[in-house]
Structures are given as C-alpha cells and as structure tokens.
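Please read the points below alongside the coordinates, as notes from one colleague to another. They concern the packing, the open space and the cysteines.

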Amino acid sequence: MPKITYIEHNGTEHVVEVPVGLTVMEGARDNSVPGIDADCGGACACSTCHVYVDEAWAEKLPAIETMEEDMLDFAFEPKPGSSRLTCQIPVTAAMDGLVVRIPEKQI
C-alpha cells in the first residue's frame, strides 16, 4: 500500500498506508488525521479537505478538474499550483511517498 504523509499546520506528521482505490481524503479520515474535516463526505461540495500538495508531487497527480478548481475558491488561503481537495485525488500505487500539508484551518 502506498504511504502518504499528512503534515499538520503545526508540523506534526502522520504517515499512513492508504489502500489503492481510496482517495487521499478517505485515507486521512479512516486514520483520524486531524485537520481534514471532509464535511461533504467526498462529493466535492465543500472545501474542508483542502491541502497543499508538496511541490515535488504537484505535477505527478491527475490534473485538477473544473469542479474542484471552483470549490478551491472557498478554501482557506488557496495557493495556485499546490492547493488540492483530497477527495478528488484517487490513490494509486505510484503515489507512494506523497506529501500533503494541511492548512491552518478549513472553512
């Protein structure tokens, strides 16, 4: 299983094995990673699973779709090129080592 590192705003790291086929959000939720609220349950209807994808990984992930891009307008301090909604990132075997940083808060 790919290991994904979730880094809280305060620097606390959570290295989690996430089964292929789940989303990065489900991996955080299923392992009680704080800071990823996922209020809509993965329907891309909120921005409470927002993260900043590590620069080394930004180009390796699937391209951002219009709906996700629109929802990021509601995220806390979105950063072009690194902000993503974890519910829209399906985990693949190639994502072993993915690093995401959780913003200070979700709105």
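The numbered points that follow take up the core, two residues, the pocket and the cysteine sulfurs in turn.

1. The model is predicted, and side-chain atom pairs were counted only at pLDDT 80 or more, a limit to bear in mind when reading the contacts described here.

2. The largest nonpolar core is made up of 27 residues, and those with the most contacts inside it are Ile-4, Tyr-6, Val-24, Ile-36, Val-53, Leu-85 and Leu-98. Two or more residues come from each of β1 (3–7), α1 (24–30) and β3 (50–53), with α1 giving the largest share, 3 residues. As background, nonpolar side chains tend to be buried together in soluble globular proteins.

3. Tyr-6 deserves a look of its own: with neighbours within four places in sequence left aside, its contacts are Thr-12, Glu-13, His-14, Val-16, Val-18, Val-24, Gly-27, Ala-28, Val-33, Ile-36, Val-100 and Ile-102. Among these partners, Val-24 and Ile-36 are also listed with the residues that have the most contacts inside the core.

4. Thr-5 lies in strand β1 and is buried, because its relative accessible area of 13% is under the 20% cut-off. Beyond residues up to four places away in sequence, Thr-5 touches Glu-13, His-14 and Val-15, and also Leu-98, Val-99 and Val-100.

5. Ala-38, by contrast with the strand position of Thr-5, is found in the loop between α1 and β3, yet Ala-38 is also buried, with a relative accessible area of 13%. Its C-alpha atom is separated by 5.1 Å from that of Thr-48, although the two residues are 10 residues apart along the chain. Thr-48 is also one of the residues that Ala-38 touches, together with Met-25 and Cys-49, when residues up to four places away in sequence are not counted.

6. The largest pocket holds about 300 Å³ of space. Its lining comprises 17 residues, of which Ile-64, Gly-81, Ser-82, Ser-83 and Arg-84 are the closest to the centre, and this lining divides into 9 nonpolar, 3 polar and 5 charged residues.

7. Why does the count of disulfides come to 0 where Cys-40 and Cys-49 are concerned? The closest cysteine sulfur to that of Cys-40 is in Cys-46, at 3.6 Å, which is too far for a bond, because a disulfide needs sulfur atoms within 2.5 Å. The sulfur of Cys-49 is likewise too far for a bond, since its closest cysteine sulfur, in Cys-87, is 3.8 Å away. As for their surroundings, Cys-40 counts as partly exposed at 26% relative accessibility, whereas Cys-49 counts as buried at 2%.

Methods:
Residues are numbered from 1 along each chain as its sequence is written. This is a predicted model: local features need pLDDT of at least 70, side-chain atom pairs count only at pLDDT 80 or more; totals for chains, interfaces and linings use all residues. Side-chain values use heavy atoms; hydrogens and water are left out. A nonpolar core is a set of buried Ala, Val, Leu, Ile, Met, Phe, Trp, Tyr and Cys residues joined through side-chain atoms within 4.5 Å. Buried means under 20% relative accessible area, exposed over 50%, partly exposed in between (1.4 Å probe, protein chains only). Helices (H or I, at least four residues) and strands (E, at least two) are DSSP runs, numbered from the N terminus. Contact means heavy atoms within 4.5 Å. On a 1 Å grid over the protein atoms alone, a cavity is a set of points where a 1.4 Å probe fits but cannot get out, and a pocket is an open set with protein on both sides within 12 Å along at least five of seven lines; lining residues have an atom within 4 Å of a point. Grid points are joined across faces, edges and corners, and a volume is the space filled by probe spheres set on the points. Ala, Val, Leu, Ile, Met, Phe, Trp, Tyr, Cys and Pro count as nonpolar, Asp, Glu, Lys and Arg as charged, and the others, Gly among them, as polar.
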